[in-house]
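Let's take a walk through this model together, strand by strand and then chain by chain. Have the viewer open and follow along.

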Amino acid sequence: MTYQRPTFKHPGLPKNNLGYTFKEYEGGLSTLCAGCGHDSISASIVEACFKLNIEPHKVAKLSGIGCSSKTPTYFLGNSHGFNSVHGRMPSVATGASLVNQELMYFGVSGDGDSASIGMGQFVHAIRRNLNMVYIVMNNGCYGLTKGQDSATADEGSKSKAGSVNMFQAIDLAGLALELGAGFVAQSFSGDKTQLIPLIEAAMKYEGFAFINVISPCVTFNNNVGSTKSYDYVRQHIEATSTIDFVPIQEEILTNYKEGDHKNIKLHDGSYVMLNKLEKDWDPGDKNSAFSALQKARDKQEILTGLIYLEENPTNLNKLLNTNSSKPLSKLTEKELCPGTKTLQIINDGFK
Amino acid sequence: MKPTNINDPEYFHKVVDCQYACPAHTPVPEYIRLIAAEKYSEAYMVNWESNVFPGVLGRTCDRPCEPACRRGRIEEEPVAICRLKRVAADFKGDVKKMMPQGPFAPNGKKIALIGGGPASLTVARDLAPLGYEIHLFDEQFKGGGMMRSQIPSFRLPAEVLDEEVNYVLDMGIHTHFKKYVSSLKDVLAEGYDAIFVGTGAPKGRDLTELPGREEGKANIHIGIEWLASVAFEHTNKIGKKVIVLGGGNTAMDCCRTSRRLGGEEVKVIVRSPFAEMKASPWEKEDAIHEDIPIIDNHVPKSFVVENGVLKGMMFDKVHAVYDEDGKRLLLPTAEPPVFYEADDVLIAIGQENSFPWIERETGMLFDKWNMPVVDKLTYQSSIPKVFFGGDAAFGPKNVITAIAQGHAAAVSIDLFCSGEDLYKRPDPMTNLVSQKMGIHEWSYDSGIANDHRYVVPQANKTLTLSDRKKEVELGFDVQVAFKEAQRCLNCDVQTIFNFSRCIECDACMDICPTSCITFTTNGEESDLRTRLKAPATNIHQDLYVSENLPTGRVMIKDEDVCLHCGLCAERCPTAAWDMQKYLYNTSKAGHSCQAV
């Protein structure tokens, strides 16, 4: 086994506005199983950050426990990272985003970490509307403990050993929508053309952006009968639309015919460009998003793409009116030690 | 694009850049791995099979492999392929017992080889084990041809040459040394079944038109003739001030030899700009290291002779301009001519063929440049039983080309003597074997070393300049040789893609350190080259295209900067990728599938 990636890179790699190639956004060599969907998601995050000219030191990666939560080691090696307790990533993210709003928060979790042990944390992160990207690498099984069914395993899905799951699955995208997430998307690790623009849009979204990514576990959940295998997902995938992300500096050049496309302007002026829209679906209308999800469920399809986008996002810092405060790390002695006079006034208040 | 046909033996051959660039197609990565494994004798034999003179070439080869080396495209310098070859020769054990052991059962055919240089010796090596009775003729008292007469001992010690020439001659070759063949007609009359002409390009170019050439002739020498006369110890001194004219490797050998025979102020003066000189860069470096200035952009105007004694030379200064087609013109700079003092002048401005001994009435056809008409594939001349090879065939090139042509001519001679079609060339021997030893384990060293190229140490200058026979380069020691060998990327270990196993998880594309692999929709090559993960701008390197995959995409691998690190295969969950070692050997005479 090779534990070290050669340091040579292609001499003709394209560079972004910061002068970085995508290699500068890579992390350590993955120790996940060969062919793991999570590695493709990591690669998509790398690509998205490269394309958006993200300065690596302005990103914090947060995760819990599990195969998915190992991945922050494998991307953005020059960014901040915090590998927290199982299912407790949202708490850490909440604290971090309150004390430093200058960082972009990237929460990475799995179906076990979010839908089982961390469910309580997950729902409150949405309810409080943290300004972060929350990616669930969803493989429907506990890969790290040999592939037991997880809470997102579909009813009737067959495990590698042959047992059939008898419980209903938790639909994380539906749940996020229900709890009021402003940006809800669903994708597949094997479809980077869709996943990368979704991640780009999520990073530019100023509120809670949730992406549920179906990510096959090649070792324990890629068998015939599983509803999270590469083959099954490819056969049952249905996209709400094709998606392009157009950054702020660029002009929209493609022309599409009226009625089957929609451009959504984000807060910073960039666009999410949707084409070949599904009938009866409007990403800005929660009802149509609910109904699209339900219809897909009825047809046993996996609906991917952007599912819902609230065009006027809010977030925890805005709600608490703390969105203008400096990061704690940048507070100086002047702010931290206001002097005897002020102390006297405070003390007088208690008399 | 259509799916790549990897069953074509030339496809993967081309991926092994060094081997592909070598005229004799020596399996370079194969012997470099053997060196790393301390199997020097085996490494030597891989070379000997392909290029007959590993010890000689490991010191003197023109190294067409090195500019081709893939390593040179991912970092600054290619692998020191040539000097690793020398390592195999320096540290080998008894290799003679690994060579074909005579006496060989005669097949009743008799061959004459005219000239005892690398081409002829290669023919002899290839044909002797097949039972041919081989007669080799050379005007000198020993074999080796220009390797002996033109390459100075400080670059190639005589013992090294003798050893390798003797490996061939000891196969029962009938040598006729000190015998100058003066008539092809006579040779033809002697009833040989085939005749091979490997007489080289023995005539050095002169400057007969230049004023003063005749008057100063006592101190004006033709480079290759002078080198030969030094090599055979007829000349052992030269004047203190020497001018060497010319910018090729012969000029470099002339100036460095002059330094060892008493030349104190030796200069190389050349017409072309320094960067465009024909000499190999390392040979120029070595000359400069021995305090020999190289003065470029100077065209010889006249020899200055006073009272019958050569005083020096006049030169016109020029500068190079390039026309629209990139053709170079040397235009005068309008500066006055310059004078350089010299006691002796060596003219090393090229050499040419000369066939005074081939009578036109033999029926041999010559072209308008007075070169014999020789078939480019078979090396057969217009007289069916006469074959050419080496510099004699198509003009001066280099030792390794002569060897390659010798192999090809030997194949032709063997086919000719067996009454077979000379154009039905035997196929190359190829072998493609998986290197998989277990999960993520390969039988080759797949790790990529970051080391930069190691420099070959040289002997002390004061020592080498005082002894013409003292070899300058010391060669790598075993430890450094290992490190240098580790720089080799194992380009012969091929990435084989089995599309029917691929589940399109993109793992290989994500892991590839040099972004060689892309999964995308098919298209025309020119279009595809622009939409890969990293643009494929090196059009000399092929794209490996798979059959259509289930999602309608294809796998495209740009061979250009693949490190052959095997990570794609390690990351593949379904073993759709495999690392397989490709061995390609050009067929030698008698190695084709003939009835035994």
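A good place to begin in this predicted model is a pair of strands in chain B: β7 (residues 241–245) and β8 (residues 265–269) run parallel to each other and are joined by five bridges. Within that pairing, B:Ile243 sits opposite B:Lys267 of β8(B).

Now widen the view to the sheet around them. Five strands of chain B, in the order β6-β14-β7-β8-β9, make up an open sheet with parallel pairing. At its edges are β6 (220–222) and β9 (294–295) of chain B, each of which pairs on one side only. A helix belongs in this picture too: α13 (residues 223–231) of chain B lies across β6 and β14 (344–347) of chain B, and runs at about 85° to β6(B).

Chain A offers a sheet with another pairing sense. Here three strands, ordered β10-β12-β11 in chain A, form an open sheet whose pairing is antiparallel. As a reminder, strands of a sheet pair through backbone hydrogen bonds, in either the parallel or the antiparallel sense. The edge strands of this chain A sheet are β10 (242–246) and β11 (261–265), each pairing on one side only. On average, neighbouring strands in the sheet are turned by 15° against each other, with direction ignored.

Look next at one pairing inside that sheet. Strand β11(A) is joined to β12 (residues 271–275) of chain A by five bridges, and the two run antiparallel. Across this pairing, A:Lys265 faces A:Tyr271 in β12(A). Helix α7 (residues 192–204) of chain A packs on the sheet, where it touches β10 and β12 of chain A, and its direction makes about 45° with that of β10(A).

Stepping back to chain A as a whole, you can count 12 helices and 13 strands. Its radius of gyration is 21 Å, close to the 20 Å that the globule rule gives for 351 residues, so chain A is as compact as a globular protein of that length. Of those 351 residues, 48% count as buried. Among the contacts in chain A with a separation of 6 or more, 70% come from residues 24 or more positions apart.

Finally, where do the chains meet? The contact takes 28 residues from chain B and 23 residues from chain A. On the chain B side, the elements giving two or more residues are α20 (507–511) and α22 (567–571). The largest share there, three residues, comes from α22(B). By class, that side of chain B has 14 nonpolar, eight polar and six charged residues.

Definitions and conventions:
Residues are numbered from 1 along each chain as its sequence is written. Chains are lettered from A and ligands numbered from 1 in the order in which they are written. This is a predicted model: local features need pLDDT of at least 70, side-chain atom pairs count only at pLDDT 80 or more; totals for chains, interfaces and linings use all residues. Helices (H or I, at least four residues) and strands (E, at least two) are DSSP runs, numbered from the N terminus. The radius of gyration is taken over C-alpha atoms; the globule rule is 2.2 Å times the number of residues to the power 0.38. A residue is buried if 20 or more other C-beta atoms lie within 10 Å of its own, exposed if 12 or fewer, and partly exposed in between; C-beta atoms are placed from the backbone. Two residues are in contact if their C-beta atoms, placed from the backbone, lie within 7 Å. Ala, Val, Leu, Ile, Met, Phe, Trp, Tyr, Cys and Pro count as nonpolar, Asp, Glu, Lys and Arg as charged, and the others, Gly among them, as polar. Two strands pair if DSSP finds at least two bridges between them. Axes are lines fitted to C-alpha atoms, for helices over the stretch in contact, and angles run from 0 to 180 degrees between N-to-C directions.
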